[in-house]
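You asked for a quick read of this one, so here are my notes. Have the structure open as you go through them.

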Amino acid sequence: MYIHNLAVLVIFTGILAQDVDYAQFVNPFIGSEGAISGYAYGGGDVFVGGTVPFGMVKLGIDTYEEPINQSALNGGYTPNGYVTGISLMHQSGTGGGPKYGFPAQMPLNSIDGDVNPLDNRTYWQSRVGEDLAEVGYFRTRLESDITIELAASRHAGLHHYSFSSSADSHILVDFSHYLPHPTRSWDSQFYTGGEIEIQPNSSIYTGYTSIAGGWNIGAPVTVYVCGEFDRPPKKARAFKGTNTFPASRHFRTFDNGGIIPQPAFTGSSARSGPLNDRIGAVFTWSNTTTVRSRVGISFKSVDKACAYKNAEISWSIEDVANAAREEWNRDVFSKIRVDTSASANKTRLSLLYSSLYFMHLIPSERVGENPLWESDEPSWDDFYTMWDLFRNQVSLWHLIQPTYYESMIRSLIDIFRHEGYLPDGRSGNYNGLVQGGSNADNVLADAYVKGLRGMINWTEGYAAVKKNAEVPPLFDQNPVDSQGSLKEGRSALDDWIPLGYVSADRNTRAVSKTVEYSLNDFAVSQIAAGEAPEEQEKYLKRSAGWQLSWDPSATSRNFTGFVMPRYANGTFHSTYNITNCGDCNWSDESYEGTAFEYSFVIPHDIRRVIELMGGLRAFEQRLDYIFTPNTSGVDLGVNGLGITTINNVANEPDFENPYLYNYINKQFKSVERGRQLARDFYHIGTDGIPGNSDAGALNCWLVWQMLGLYPIVTTNVYLLESPWFSDINMTVNHDKTLRISAQGLDDGDGKEGYYVQSVTINGEPWDRNWFEHENVMVIGGEILFQLGNQKKVWETGIVPPSPGHMVVDYKGHF
């Protein structure tokens, strides 16, 4: 099985409104494979198919591939997996259990013999030839010689099926289809019911499907469907069959060797009934080699689904794909403009615009589609997850997508208003999970300190983050954590408020939670500064809680002083392995990172980190060490195949680490580390990112690297690094322009002419390796880098600020 990305598909002949078709440089297959060629294992878990920016519909194939792992569950696409259906809803780049994979169709040459519409193992198909993907368009060919072409709008999808024979052709519509989790049954989705009705002319079907569970053990998601075929079928029959798993079960198995009963055909309609019977329909044509299908979906009603189908898409695959392509060019790619002439570096263009593409797939914009309450506020879903997005992705959306971003913030506050908590992760209109802290706090604070106002109700925004800081959530009995709630909020406030840290004996993930809660409370203090000044100092002090988990006597690899698991009685877990977090999962003392790593992850007070690590020289030596090959003490598994350093470039807590040299005025080493990581772990191949893309967070890290900037989350500070292009024009704050120029850039053919020699901002010589949001991001401006091959300490000004700086010893003395 091979996959292929063409520079320009011949079907895309429309003239774009933009001067440049940036979409031609996007490779939608980047991240579709892992380190094992031909398999998704360890890859990006990316969605491959037809969609628009933040589209509710992401139309693509669903596949089953072994070996099974969490890098092959959510995007639907795998390089070699069997095709089980084509569905309209997907996540992208996520590293957890599945959501969506419904509602679905499947083209078949036969429905006789062993084919059971309720058992996709009896009809799933391998693919032959080359899969083809372009922005807004996807094509594949099944082993049965059926060609599938897909394109989508925001709320609807167009399927184009080409059959090789004029004999009977069939489309199976399966309302009980979803993406399963075969190795973790309690974390799988399950079907809870639906109904389907074939309209009198037989070419239109309507109804709904409802699927529950999945990654966040969510409530049922009900999706209303309106599907239409471009010609009436010879025969159309609804069916109904036994649901062998009508409820979620922890002991459920996908390998029971049993035979799933055949369904009964029920005429023109079918309804699930009290036992959640599975339903669907089979449509059959004779003497037809081409069948097209338009499908609209809505969370509100069949009428809205039909309206979307009729208003948003035509029967032309070319027109629908071109419309999506134009939207991507206009609303995403043209926000960052670089030289695309024949002499431009096409690899870099592909890295830049592909990365922008992947960071705009989720969350899903669902304005007017909130089924849970009536509100004038926008509705968004699929924040999967805040603990990934907040590190750098929201900061870029703030700049280049201010309208979308304001809408997201308003939606988050509206979720709090009606459900009581901001989400840390949300999908299927349901909060859950929480990895560590309440990281929506960081998202809101980042927007607040950078002046995002518009129609955001910041009084309620502050109330939302304050509740996270003060009110423990309901204990939700999640099977992966026996000691705390995982649905929303901060489950360890029982420690955090009285102790100032999270204890290792009363709560799980004590190290990572303590570090995250500290930044969360700094975020609360940042909003309090404007909304409740009398409370700012309280939360600023609480943001120093990480220091109470700092054991000055802890030693590892000849370095002393680390954040460590600490018990409620004040003693430390003195034998804890600082370089190995075990499974690094929900029940461990640190999540997705070691104590060695988390000791650096204090963006609001790097000054204090430097002091606790022994001063500038000791800090630099330790920072050098975490980038030394073959130092990692933990098996990173699918979360970082090929990474042997303590620093894990595939993991969000470590994103800022390469740039921490700026805090000791050795910016040239930040440039060196950042370039090295990008060069070693990012490329334009199918395995071109180092692990699952985490909803585009890894892709966004690369975009910042290529811009030569990096944001410090929850503050208005950006670090200066080194751009990859000589001239970048970036649209910021709706319609302003930031120009980033790099004179002397000479880094082709292994050359190292990318070190900063000097910087000017808006024509003013700049002696600092950082700047503030107001300098160039509000009304635009220019940053001019003079680059060369000399590793030079060019900065003579003060180091980047540590706005949360506070001195606390481990006994709690300020």
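**Notes on the disulfides, cores and sheets**

1. Let's start with one cysteine: C226 is buried, because its relative accessibility is 1% and the cut-off for buried is under 20%. Keep in mind throughout that this is a predicted model.

2. What does C226 bond to? C226 forms a disulfide with C306, and their sulfur atoms sit 2.1 Å apart. The link ties together distant parts of the chain, since C226 belongs to strand 12 (residues 218–229) and C306 to helix 1 (residues 302–312), 80 residues apart. The torsion about the S-S bond of C226 and C306 is about 95 degrees, so this disulfide is right-handed. C306 is buried as well, at a relative accessible area of 17%.

3. How many disulfides does the structure hold? There are 2. Besides C226 and C306, look at C581 and C584, which form a disulfide with sulfur atoms 1.9 Å apart. The link of C581 and C584 is right-handed, with 85 degrees about the S-S bond. C581 counts as buried at 4% relative accessibility, and C584 is buried with a relative accessible area of 12%. Counting bonded cysteines along the chain, the pattern reads 1-2, 3-4. While you are looking at cysteines, check C700 too: at 0% relative accessibility, C700 is buried.

4. Now for the nonpolar cores. The largest nonpolar core has 222 residues, and F333 and I409 have the most contacts inside it. Helix 16 (residues 697–707) is the top contributor, giving 9 residues to this core. Where does the core lie relative to domain 1 and domain 2? Domain 1 (22–244 + 261–334) and domain 2 (376–720) both give residues to this core, so it lies between them.

5. I409 is a good residue to click on. Leaving aside neighbours within four places in sequence, I409 is in contact with V443, L444, A447, L452, I456 and W458. There is also a second, separate core of 9 residues, with A151, A156, I313 and I317 among them.

6. On to the sheets. One open sheet of 6 strands runs in the order 18-25-26-30-27-28, with mixed pairing. Why do strand 18 and strand 28 each have one side without a neighbour in the sheet? Strand 18 (336–337) and strand 28 (764–766) stand at the edges, and each has a single partner strand, so one side of each is left without a neighbour in the sheet. Within this sheet order, strands 25 and 26 are listed next to each other. Strand 25 (residues 727–732) and strand 26 (residues 736–743) pair in the antiparallel sense over 6 bridges. To find the pairing in your viewer, pick M730, whose bridge partner in strand 26 is L738.

7. Last, have a look at strand 3 (residues 82–87). Of its 6 residues, 5 are buried, so strand 3 is largely enclosed by the rest of the structure. Strand 2 (residues 60–64) runs antiparallel to strand 3 and is joined to it by 5 bridges; T63 has V83 in strand 3 as its bridge partner. Strand 4 (residues 104–108) also runs antiparallel to strand 3, with 2 bridges joining them. There, I86 has Q105 in strand 4 as its bridge partner.

Methods:
Residues are numbered from 1 along each chain as its sequence is written. This is a predicted model: local features need pLDDT of at least 70, side-chain atom pairs count only at pLDDT 80 or more; totals for chains, interfaces and linings use all residues. Side-chain values use heavy atoms; hydrogens and water are left out. A disulfide is a pair of cysteine sulfur atoms within 2.5 Å. Helices (H or I, at least four residues) and strands (E, at least two) are DSSP runs, numbered from the N terminus. Buried means under 20% relative accessible area, exposed over 50%, partly exposed in between (1.4 Å probe, protein chains only). A nonpolar core is a set of buried Ala, Val, Leu, Ile, Met, Phe, Trp, Tyr and Cys residues joined through side-chain atoms within 4.5 Å. Domain bounds come from an automatic or database domain assignment. Contact means heavy atoms within 4.5 Å. Two strands pair if DSSP finds at least two bridges between them.
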